[in-house]
Each structure stands twice: as structure tokens, then as C-alpha cells.
Amino acid sequence: MKRLLICIGFVLFGWSNQAQNDFEKETIRLLPDSKLIISGSTNVNKFHCEFDIELISDSKQVKYLHEYDLIKFSDLQLNLLTKGFDCGNRKMNSDFQDLLKSDSYPQIVIDIVQVRDLTSEEPEAEIRVELAGQTNHYKLPVSIHEQRFKGKFRMNIRDFGLEPPRKAMGLIIVDEHIEVAFDLKLAR
């Protein structure tokens, strides 16, 4: 019985190594004209906070597995420093940092898990977003053309344990739903 378990262990180990070898590797870099914007609104106006892409423009090796009309990624992450967002003025930047609890959680991690339906007009990406110590999964339509990866999705900040701030003695209330839009231009 013990030998049988050892043999099964070796077979499983061999399969897991084979599966890891099936991943292809490619080095990519985000180009400066890429954009990542978080938008939201209050009961008074709207806000747009744009991320400084220069903060993540280093080359990164990407591992992926292409199966039929599906691409699975191994460790394809965007690590966004929360202080890298510009909302237009100092006060709004400070409020945005407070909302994201940037002192305790200095970065937002967006992990691209897979993209499916590559042959359709609107492929679907599955991503994981880690924000303020909480992680949530999203599926969203994306556009992939000529080294560009574009899309947007809405999320509720309460899903990350964040409370919509109130300003001016409660007269200004931030909507709990925000939109994340990205237009990432890649170079190989």
C-alpha cells in the first residue's frame, strides 16, 4: 500500500511538472501611452483618478498557457501603488488615499487570471483585484487588438470593506460604485 502511494505521488509530481512546462514565456512592457483610470461620483460631481503608468513600465516576463480559445496566465499582475493615482488636485488625492487606506495597504494588485472566447468579438477576462486587504473576482469583456488590451468594470468599494466617505459635514457623499477603465498598450 505504501509503495502504491509513493508511485501515485511520483506520477502526480510528474504531471504537475509537465503542466508547468506547458506554460510559454514572453517578456512584455507597458508603454507610456497606456492608461488606467478609476472614476466615481459624489452627489455633487464626478472624479477621475489616473494612474502614473511610468511606475509600472519595467519589463515583465509573462507565463501563459494557450488552449483553444483560452489563455491562462501564471502570475500576471499589475502592482499599482495607491500613491500613483492623480485625481486632479492635492485635496482629492489625499481623500482618495484615505478612502483606499493607503497607509495600511500601499498597493492595489490586479491579477489577470485568464482570457476566454478569444475568437469572439468581445473576449472575457477573469481578474482578481486585491484592495485594502480584501480580494474579489471579476469577469469583464475586453478588447484585444494590435498589442492593446482594453476594458472596464464596475465594483462596489463596500466589497473591499471600505466605507464611502462623507465630506462637508455629511453633505457630500461618495457613491459606493466606482469604475476602473484601462487601455494598456504592450510592447514585446
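At 1% relative accessibility, Cys49 counts as buried (buried means under 20% relative accessible area, exposed over 50% and partly exposed in between, with a 1.4 Å probe and protein chains only). The model is a predicted one, in which local features need pLDDT of at least 70 and side-chain atom pairs count only at pLDDT 80 or more, while totals for chains, interfaces and linings use all residues. Residues are numbered from 1 along each chain as its sequence is written, and side-chain values use heavy atoms, with hydrogens and water left out.

Cys49 is a good place to start, since a disulfide joins Cys49 to Cys87, with an S to S distance of 2.0 Å. The pair links distant parts of the chain, 38 residues apart: Cys49 lies in strand β3, and Cys87 sits in the loop between β7 (85-86) and α2 (90-99). Helices (H or I, at least four residues) and strands (E, at least two) are DSSP runs, numbered from the N terminus. Cys87 is buried as well, at 7% relative accessibility. The torsion about the S-S bond of Cys49 and Cys87 is about 105 degrees, so the disulfide is right-handed. The structure holds 1 disulfide, the term being used for a pair of cysteine sulfur atoms within 2.5 Å.

Turning to charged side chains, a search of the whole structure finds 9 salt bridges (a side-chain nitrogen of Lys or Arg within 4 Å of a carboxyl oxygen of Asp or Glu). One of them pairs Glu26 with Arg188, whose closest N and O atoms are 2.8 Å apart. Because Glu26 lies in strand β1 (residues 24-30) and Arg188 in the segment after β14 (177-187), this contact ties together parts that are 162 residues apart in sequence. Arg188 is exposed, with a relative accessible area of 70%.

Strand β3 appears again in the salt bridge between Glu50 and Lys35, where the closest N and O atoms are 3.5 Å apart. Here Glu50 in β3 (residues 46-51) is linked to Lys35 in strand β2 (residues 35-41), 15 residues apart. Glu50 is partly exposed at 32% relative accessibility, and Lys35 is partly exposed with a relative accessible area of 42%.

A further salt bridge brings together the side chains of Arg128 and Asp111 (2.4 Å, N to O). Arg128 belongs to strand β9 (residues 124-131) and Asp111 to strand β8 (residues 107-116), 17 residues apart. Arg128 is partly exposed, with a relative accessible area of 31%, whereas Asp111 is buried at 8%. Finally, Arg158, Glu163 and Glu176 are joined into one network by salt bridges that share partners.
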